[in-house]
Amino acid sequence: MENIRIQDDLYTYVNQETIDKLVIPDDKPIAGGFAELADGVEKIMMDEFEAMSANGSYPNEYIKRACELYAIVKDADRKEKHGITPALKLLSALDEIKEIKDFSAMYKTLSLKGIPTPINIGVETDMKNTKQHLVYIQGAGVILPDASYYKPEMAEQKAQLIGIWTNVAKMVMAKTDLSNEDQEKYVNDALAFDEILGGLVKSSEEWSKYVEMYNPMDTDKVKEMLSTLDLDLILNDLFGSVPSTIVVTEPRFFGAFANVLSTENLEIYKHWAYVTGLLKSCSFLSEELRDMGGMYSRAIMGVAKMQSIEKFAYNLASGMYSEPVGIYYGEKYFGEEAKKDITEIVYQIIDTYKDRITTNEILGEETKEKAILKLSKMGVKMGYPDKVRAVYDKLVFNAEDSLLDIMVSLKAVRELDALSKLDKPTEPENWAMPGHMVNACYDPFVNDITFPAAILQAPFYSLKQTRSENLGGIGAVIGHEISHAFDSNGAKCDENGNINDWWTADDFKRFEAKVQQMIEQFDGIELPWGKVNGAFIVSENMADNGGMSVTLDIMSKTEGVSFEEYFCNWARVWCKKGRPEYLKLLLSVDVHGPSVLRANMPPRNFSEWYSTFDVKETDKMYIAPEKRIVIW
């Protein structure tokens, strides 16, 4: 590009022409990159849903139900007929809570109906024994995007967002049968209860240290923390017995629980649950209410208009039946030749990672052996699963019901299924992502990587791209996901996914020094929309660094490759254009760094960047050799 040198700004050099042409849709906060591929998959599958519905011909019962739900959501007249009544009927369950003891008796009902509660009880993998499940408990969600917004330094931004939320809440509450005086009181009480929550719940930065959520406690100890409730009654309702151990994910929140839900706070809790529950229900009511209910989240992201009824219907239906929809997409649109090729790349990266571990300067021999064992045992899920999980057989609904009632019933089926897993072994063969999702992940508690079919397309991957481009795209992303096994969180889990201290003390000390260097490399960088928090995004930055190091290693051992193509495609996959409000929001809630930094920061840590483009000290993308970080 004119006036832009690649040595000064790789991201802009590669992407500016594309960014200039990108138009962010009115109903979205972002365009380009992952979003563009997701939009393409969405269009393909919407056309599929329309064609199948028109023909009345479906590949299986699951897709038939997804298409039936799609048709119901699209029927604006049907939803208009039901109006706000289904939500008022749903929320009437709160009337049963006259005293604090009634909350415990009603907890299961509230949870299955999706009515907000200050405690959320579920079943998850035991992080220290990943073959079994444990009960986990966490606190409530807050009105603002993140707990960090409740800090004094965020007062101005907080006031602005609370003002928007209050206006939206009042508009929706005006549609209820409550008096004007009660509407005002309910909204004010909801804000008062939210203020209590905001000072206690975890921030996104705290949640990003996911190993720290593992705080198993004797149930008797948890009962002391939740002394205002009858926890035995709640647990017996959910599980038919009282488990001996509960994982408390938010000790600060539950340590202060007597100040959260008490006889004195019962009324403001009920009003908070009513108002926030009503706003949550709006998506499944009339189009007018869907529009109203979405105003706050759209304002946070800078989005002008709500999603079309067709797109909303598709996303709702394909989300509820995600696994069968993903399998259908994968079988039809993801070829075996591509699957074979991409799988070979995965195992080449894993083998290269093993080689790099053997010469790593951080690790001693004992720790190296365990790291290589972890790589040897790493599972690979590529494309889409072989079969649909049994829970989807239970996801049936009465087409005569209101959309809200249908969604509540389907979500309750999923919740009951999850609760029923407590005394059953875990199922590591389950997929974390469906085949039609444009994303990828590493699961630390299974020790596997998942690459859905939908991400395996250009610019990430294509049989038509060169090996250099594919290594700079999907190769580096695969390396990124593998690197999560050894990031600031994943390093604390062993080859079976169990939290386990498998490092020697000296090795881990050297590793933590590298983590700190990575934090400092990003921390405090000023962007037009805000300042970067290096600690919050460190695990993803470590994974980017690892993905690049391992694929550059492969590049150096492969004949006929082009490092220029590699680096340019690396930058290309992060190309996106976002609304300023949304980009600002991401700094607080997204563990991934801003795209421009993901493109521009990792290359400057590697000698290949300097030799490929003759980068000199006077260039902006230069880092002195002693400040370059290569961890794996």
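Begin at the segment after helix H27 (607-613), where you will find Asp614; this is a predicted model, so keep in mind that what you select here is a prediction. Asp614 has a positive phi of about 50° although it is not a glycine, and with a relative accessible area of 49% it is partly exposed. Most residues other than glycine have a negative phi, and most peptide bonds are trans.

Next, select Asn447, in the loop between strand E7 (441-443) and strand E8. Its phi is near 60°, again a positive value in a residue other than glycine. Is Asn447 buried or exposed? With a relative accessibility of 0%, Asn447 counts as buried.

From there, move along to the loop between strand E8 (448-452) and helix H21 (467-483), which holds Pro459. If you display the backbone here, look at the peptide bond that runs from Ala458 to Pro459, which is cis, with omega near 5°.

Now select strand E6 (residues 379-383) and pick out Lys381 within it. Lys381 has a relative accessibility of 11%, and because the cut-off for buried is under 20%, Lys381 counts as buried. To see what surrounds this side of the strand, show the residues that Lys381 touches, leaving aside those up to four places away in sequence: they are Pro428, Glu429, Asn430, Trp431, Asp448, Ile449, Thr450 and Phe451.

The next stop is a pair of helices. Select helix H18 (residues 336-358) together with helix H23 (residues 538-556), whose axes come within 9 Å and cross at roughly 95°. Angles of 65 to 115 degrees count as roughly perpendicular, and H18 and H23 are therefore roughly perpendicular to each other. On the H18 side, the contact is made by Gln348, Ile349, Thr352, Tyr353 and Arg356, while H23 contributes Gly546, Ser549, Val550, Thr551, Asp553 and Ile554. Coloured by class, the residues of this contact between H18 and H23 divide into four nonpolar, five polar and two charged.

Stay with H18 for a moment and go on to the loop between H18 and helix H19 (365-376), where Thr359 is found. Thr359 is exposed, with a relative accessible area of 61%. If you then draw a line from Thr359 to Met320, C-alpha to C-alpha, the two are 46 Å apart in space, with their positions 39 residues apart in sequence.

Turn now to the open spaces, taking the second largest pocket, in which about 380 Å³ of space lies. Of the 18 residues that line this pocket, select Ser148, Met154, Asn533, Leu587 and Ser588, which are the closest to its centre. Helix H9 (204-207), strand E10 (530-531) and helix H25 (580-589) are the elements that give two or more residues to the lining, and the largest share, three residues, comes from H25. By class, the lining of the second largest pocket divides into five nonpolar, seven polar and six charged residues.

The last stop is enclosed. How large is the volume of the largest cavity? The largest cavity has a volume of about 40 Å³, and to outline this cavity you can select Lys79, His82, Gly83, Pro86, Phe284, Leu285, Ser402, Leu403 and Leu404, which line it. Helix H4 (76-82) and helix H20 (403-419) each supply at least two residues of that lining, and the lining of the largest cavity has five nonpolar, three polar and one charged residues.

Definitions and conventions:
Residues numbered from 1 in each chain as written. Predicted model: local features only at pLDDT ≥ 70, side-chain atom pairs only at ≥ 80, totals over all residues. Heavy atoms only, no water. Axes fitted to C-alpha atoms, helices over the stretch in contact; angles between N-to-C directions. Helix = DSSP H or I, 4+ residues; strand = E, 2+ residues; numbered from the N terminus. Parallel < 35°, antiparallel > 145°, perpendicular 65-115°, else oblique. Contact = heavy atoms within 4.5 Å. Nonpolar A, V, L, I, M, F, W, Y, C, P; charged D, E, K, R; others polar. 1 Å grid on protein atoms, 1.4 Å probe; cavity = no way out; pocket = protein on both sides within 12 Å on 5 of 7 lines; lining within 4 Å. Points joined across faces, edges and corners; volume = space filled by probe spheres on them. Buried < 20%, exposed > 50% of the residue type's maximum accessible area, 1.4 Å probe, protein only.
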